2 protein chains.
Amino acid sequence: MASEWILTLTAQTPTNIAVIKYWGKRDESLILPVNDSISVTLDPGHLCTTTTVAVSPAFEQDRMWLNGKEISLSGDRFQSCLREIRARATDVENKEKGIKISKKDWEKLHLHISSFNNFPTAAGLASSAAGLACLVFSLGKLMNVQEDHSQLSAIARQGSGSACRSLYGGFVKWIMGKEENGSDSLAVQLADEKHWDELVIIIAVVSSRQKETSSTSGMRESVETSLLLQHRAKEVVPKRILKMEEAIQNRDFASFAALACADSNQFHAVCLDTSPPIFYMNDTSHRIINCVEKWNRSEEAPQVAYTFDAGPNAVLIARNRKAASLLIQRLLYYFPPNPETDMNSYVLGDKSILKDAGIQGIDDVEALPPPPEIKDKIPAQKNRGEVSYFICTRPGRGPVVLSDESQALIDPKTGLPK
Amino acid sequence: MASEWILTLTAQTPTNIAVIKYWGKRDESLILPVNDSISVTLDPGHLCTTTTVAVSPAFEQDRMWLNGKEISLSGDRFQSCLREIRARATDVENKEKGIKISKKDWEKLHLHISSFNNFPTAAGLASSAAGLACLVFSLGKLMNVQEDHSQLSAIARQGSGSACRSLYGGFVKWIMGKEENGSDSLAVQLADEKHWDELVIIIAVVSSRQKETSSTSGMRESVETSLLLQHRAKEVVPKRILKMEEAIQNRDFASFAALACADSNQFHAVCLDTSPPIFYMNDTSHRIINCVEKWNRSEEAPQVAYTFDAGPNAVLIARNRKAASLLIQRLLYYFPPNPETDMNSYVLGDKSILKDAGIQGIDDVEALPPPPEIKDKIPAQKNRGEVSYFICTRPGRGPVVLSDESQALIDPKTGLPK
């Protein structure tokens, strides 16, 4: 091996949103959950992490940059992932560059990792799930790891529980597993993103002045103090998992929506049953739920499912494009932007939904009529400024290697972030 | 019997606040609960219903006025109470007025009832509990009903479940009972108000623009849809009831507070687990909880317990006067009144707590330093205008007959509200 070479690999990994929730670990260090969970993978075109991993005999230590800023890799979770991946590395040969790395070399070689989220990291949009999944996936590819995505997911799980579900596109189940060592706690794909491609997802990023409890400490406190959590994990979730798998298999939106909404609410109920209680949803979240519930109940069948993770943001899943355009009208009616906001920065992602809804500019928002389901004499309250922005997206694919070198985040000559 | 006489009786009945919550009926029409509950009776000096009941052969029908406005008595719940009380009426003789009513006369005689709450009826302060209890208690006295308070409580229960707990002062348990006819679903006194007279209660009446789900329909929906409610009722509450009885017996504030807070939160968790979800607490309620939790955790032992009924108002129970004055300082620091608010209309009830806290006017509120438990660098948020007013009170006595005729709400000559 020459000492000047640098080998890089770039990959892109999606975020995911759970529709049957993961809340509570039975093993803190291995990150083994108290119940199965099911998620929808989000289109990486709108929400994803891109990671470039680089290896070189010139690197003196493992280093990582997130969104251009160096971060520490010393945490147990990063170290678990790096150790597990290194243990599975195999011989790598790059004939073009004249590089040969043998299985045993990987223990000595250091890595540079640069990761970038195409969405705000702190906005509560599962950036750690996409990030850890991308770290494991890209290292697996770089090191020619032979394990399949499910086995990689069990490694990603040790970095961030829900990261394991980002190893697949479409609809994914994280099986809690039974083994003490966690080897069978991994993700499987229930169906790919093409199986149910009518669905449209709108995320409302809710303004919040509250400092939120981290999900790691929150779920620890729930396991320790909630008297409802074990009942949920043992009695409620197993039945819901079966029903949700069936709903996804049959593209049965009514069941899908009922299960997703009920499970999101139950997860937040367990948070509230924690001592001290954890509040992730705020009044805006509640208003979004009320808007969706009222509309769904005015229709013959549910049009939209909602689900909330460990924060106030709403993830709204519309049954199809038509429902999505009616949804964005309602959302913009109840949650108009602050004056002088550019619509282009208020509705992000797939803007064709906005076009379908007949909304081009702020004037169209102000002209929206009240939704027909408001039959009260009381005029509907407008909640200007309570939503920071919306992202229109859809179920999406799993991780991919980006072969276009221009997308790499590390300079192949210096080994440092571009 | 001469036809011109009118016989009246006036009584006063307190409200109560549950510290182990009632949520869910096993029988809708008899109002039989799915679990026992425990409450603290509030001092009627600050929160009570006064009711005058009048009977006269001149009255042509049963009529009722609430806060001076005539209301219908045709509802099943009123009718149940009136029927049950009439069935237990006995001979009445008023020698002074020369009136004799025999047991059988009561079936034919009509009643005029006038009821007045000394607190805002719509503010979510258990006005129906005090109101129904007062109706049953005053009619029982008027009709010389021989049954004791527990047996009267079983009648009041059929008017409004939690009303049964307003038949006693101090600390009261509503035993769910086992009988199908509800005869053993009644209230008993655990201890009177003198048993633990250190406690001070501060109620924060929270401003809300939300229309709330009524507790009657809310608990019906919870019973039908929550998958956590039965587990709570069967597994969690029975143990808590025993522990709460013990805490009250021993005046063990740490246990009392832990149980009351956890049970309030679990009741709201069950509401959230209902489909569609029910939100009674709002962001202000959450902020009050966070304030109390933070303070309690900064002290060696809890200083304050919180509990929330079917609305955003906080009922805060301080371990003693010292804790209450520190609490009102914190509450006024975080929730100062709007400008131009008179402190006399912002803190109602027992104003000596305010004096203990060294607060005379609005200037003293503005000069309050941040509570010492705020150690973050981030300055604490002020939430001006989020609380409408505070009421300072304490545990109080049960129903009493008011013999002073000037307190009667019905004119003994006209038989109509004064």
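In strand S16 of chain B, the residue that bridges to Thr307(B) is Val315(B). Elsewhere along S16(B) in this predicted model, Ala318(B) serves as the bridge partner of Val304(B). Altogether, four bridges join S15(B) to S16(B), residues 314–318, and the two strands run antiparallel. Six residues lie between S15(B) and S16(B), and the two strands form a hairpin.

This hairpin belongs to a wider arrangement. Five strands of chain B make up an open sheet of mixed pairing, ordered S15-S16-S14-S18-S17. Strand S15 (304–307) and strand S17 (347–349) of chain B occupy the edges; each has a single partner strand, so one side of each lacks a neighbour in the sheet. From one strand to the next, the twist averages 25°.

An edge position can still go with burial, and S15(B) is a nice case in point. In a regular strand, side chains alternate between the two faces of the sheet. Both faces of S15(B) are covered: Val304(B) and Tyr306(B) are buried on one side, and Ala305(B) and Thr307(B) are buried on the other. Helix H6 of chain B, residues 253–272, lies across S15 and S16 of chain B and runs at about 25° to S15(B). Helix H8 of chain B, residues 321–334, also packs on the sheet, where it touches strand S14 (200–206), S15, S16, S17 and S18 of chain B. The direction of H8(B) makes about 20° with that of S14(B).

Attention now turns to Glu373(B), which is found in the loop between helix H11 (362–366) and strand S18 (387–393) of chain B. Is this loop residue buried or exposed? Glu373(B) counts as buried because its relative accessibility is 7%, below the 20% cut-off. Leaving aside residues up to four places away in sequence, Glu373(B) touches Lys294(B), Trp295(B), Ser298(B) and Arg330(B). With Arg330(B) there is a polar contact between the two side chains, at 2.7 Å. Arg330(B) also lies over the face of Trp295(B), 4.0 Å from the ring centre. In chain A, Arg330(A) lies over the face of Trp295(A), at 4.1 Å from the ring centre.

Burial is also a feature of helix H3 of chain B, residues 149–156. Six of its eight residues are buried, so H3(B) is largely enclosed by the rest of the structure. The buried residues are Ser150(B), Leu152(B), Ser153(B), Ala154(B), Ile155(B) and Ala156(B). Their cover includes helix H1 (76–87), helix H2 (127–142) and strand S13 (186–191) of chain B. At the N-terminal end, Asp148(B) caps H3(B), with a side-chain oxygen 3.1 Å from the backbone nitrogen of Ser150(B).

Aromatic pairs number 22 over all chains. A pair of aromatic rings is described by the distance of the centres and the angle of the planes. For Phe253(A) and Phe256(A), the centres are 6.0 Å apart and the planes make an angle of 35°, a tilted pair. Both Phe253(A) and Phe256(A) lie in helix H6 of chain A, residues 253–272, at a spacing of three residues, or about one turn of the helix. Phe253(A) and Phe256(A) are both buried. Together with Phe171(A) and Trp196(A), Phe253(A) and Phe256(A) form one aromatic cluster.

Technical notes. Residues numbered from 1 in each chain as written. Chains lettered and ligands numbered in written order. Predicted model: local features only at pLDDT ≥ 70, side-chain atom pairs only at ≥ 80, totals over all residues. Heavy atoms only, no water. Buried < 20%, exposed > 50% of the residue type's maximum accessible area, 1.4 Å probe, protein only. Polar contact = N/O pair within 3.5 Å; in protein donor to acceptor, adjacent residues only side chain to side chain. Contact = heavy atoms within 4.5 Å. Pairing = 2+ DSSP bridges. Axes fitted to C-alpha atoms, helices over the stretch in contact; angles between N-to-C directions. Phe/Tyr/Trp six-rings, centres within 6.5 Å; stacked < 30°, edge-to-face > 60°. Lys NZ or Arg CZ within 6 Å of the ring centre and 35° of its normal.
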